[in-house]
Amino acid sequence: MLQAGINVRPYALEALKELSSYYEIIVFTASHSCYANVVLDYLDPKGQYIHHRLFRDNCIQTEEGIYIKDLRVLANRNLNDVVLVDNAAYSFGYQVENGIPIIPFYNNYEDEELKHLIPYLKQLAKAKDLREINRDTFKFHMYTLFDHPHKVVEKVILNL
């Protein structure tokens, strides 16, 4: 039997508790279910906050071995109301306007990403189409307008 440690990002439980009153929380991970279930059971042992779980076998694997989380797997959900928070922006490559990028977590116990994410997600919960707010906030659509990411950054900075 293989043993692995669990590093829980600061504010993870607080985020689950608070946001579960605004959202149906579906954890969609590129991890294998055998590992992810242990972590999720640790975070939410009574199943109070996490409503559904999707794993690596629910992802689409590219020829390069990258796992993309296609939100169309949530066939009975309106994508106007679905958001995907991920530290790998390619994960929401099929529905970029539904994606919220966050920095990766590597044992930094002063990390406050989730703490700062809570108010943004609460704001999105009130939106008729959360993708409009995400589009204005993250400007991912601009990457299709330019031939180099640096040009996008220049355009965004100049327009601030």
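**Exercise 1.** Which residues do ring pairs link into a cluster?

*Solution.* Start with the rings in this predicted model. Ring pairs join Phe92, Tyr120, Phe138 and Phe140 into a cluster. Now take one pair from it, Tyr120 and Phe138: the ring centres are 5.8 Å apart and the planes stand at 70°, so this pair is edge-to-face. Next, place the two partners along the chain. Tyr120 belongs to helix H3 (residues 113-124) and Phe138 to helix H4 (residues 130-138), so the pair links distant parts of the chain, 18 residues apart. Finally, look at their cover: Tyr120 has a relative accessible area of 14% and is buried, whereas Phe138, with 26%, is partly exposed.

**Exercise 2.** Work out how the rings of Phe105 and Tyr109 are arranged, and whether each residue is buried or exposed.

*Solution.* By the ring-pair rule, the count comes to 4 aromatic pairs. Phe105 and Tyr109 form an aromatic pair, with 5.8 Å centre to centre and 80° between the planes. Planes over 60 degrees apart count as edge-to-face, so that label applies here. For the cover, recall that buried means under 20% relative accessible area and exposed over 50%. Phe105, at 18%, is therefore buried. Tyr109, at 51%, counts as exposed.

**Exercise 3.** Which residues make a nonpolar surface patch of about 290 Å²?

*Solution.* The patch is made by Ile6, Val38 and Tyr42. Let's follow Tyr42 a little further. Tyr42 sits in helix H2 (residues 33-43). Its relative accessibility is 57%, so Tyr42 counts as exposed.

Methods
Residues are numbered from 1 along each chain as its sequence is written. This is a predicted model: local features need pLDDT of at least 70, side-chain atom pairs count only at pLDDT 80 or more; totals for chains, interfaces and linings use all residues. Side-chain values use heavy atoms; hydrogens and water are left out. Patches are made of residues with over 30% relative accessible area and no salt bridge: like charges are joined within 9 Å, nonpolar side chains (Val, Leu, Ile, Met, Phe, Trp, Tyr) within 5 Å. Accessible areas come from the Shrake-Rupley method with a 1.4 Å probe; for residues, only the protein chains shown count as cover. A salt bridge is a side-chain nitrogen of Lys or Arg within 4 Å of a carboxyl oxygen of Asp or Glu. Helices (H or I, at least four residues) and strands (E, at least two) are DSSP runs, numbered from the N terminus. Buried means under 20% relative accessible area, exposed over 50%, partly exposed in between (1.4 Å probe, protein chains only). Rings of Phe, Tyr and Trp (its six-membered ring) pair if their centres lie within 6.5 Å; planes under 30 degrees apart count as stacked, over 60 as edge-to-face and the rest as tilted.
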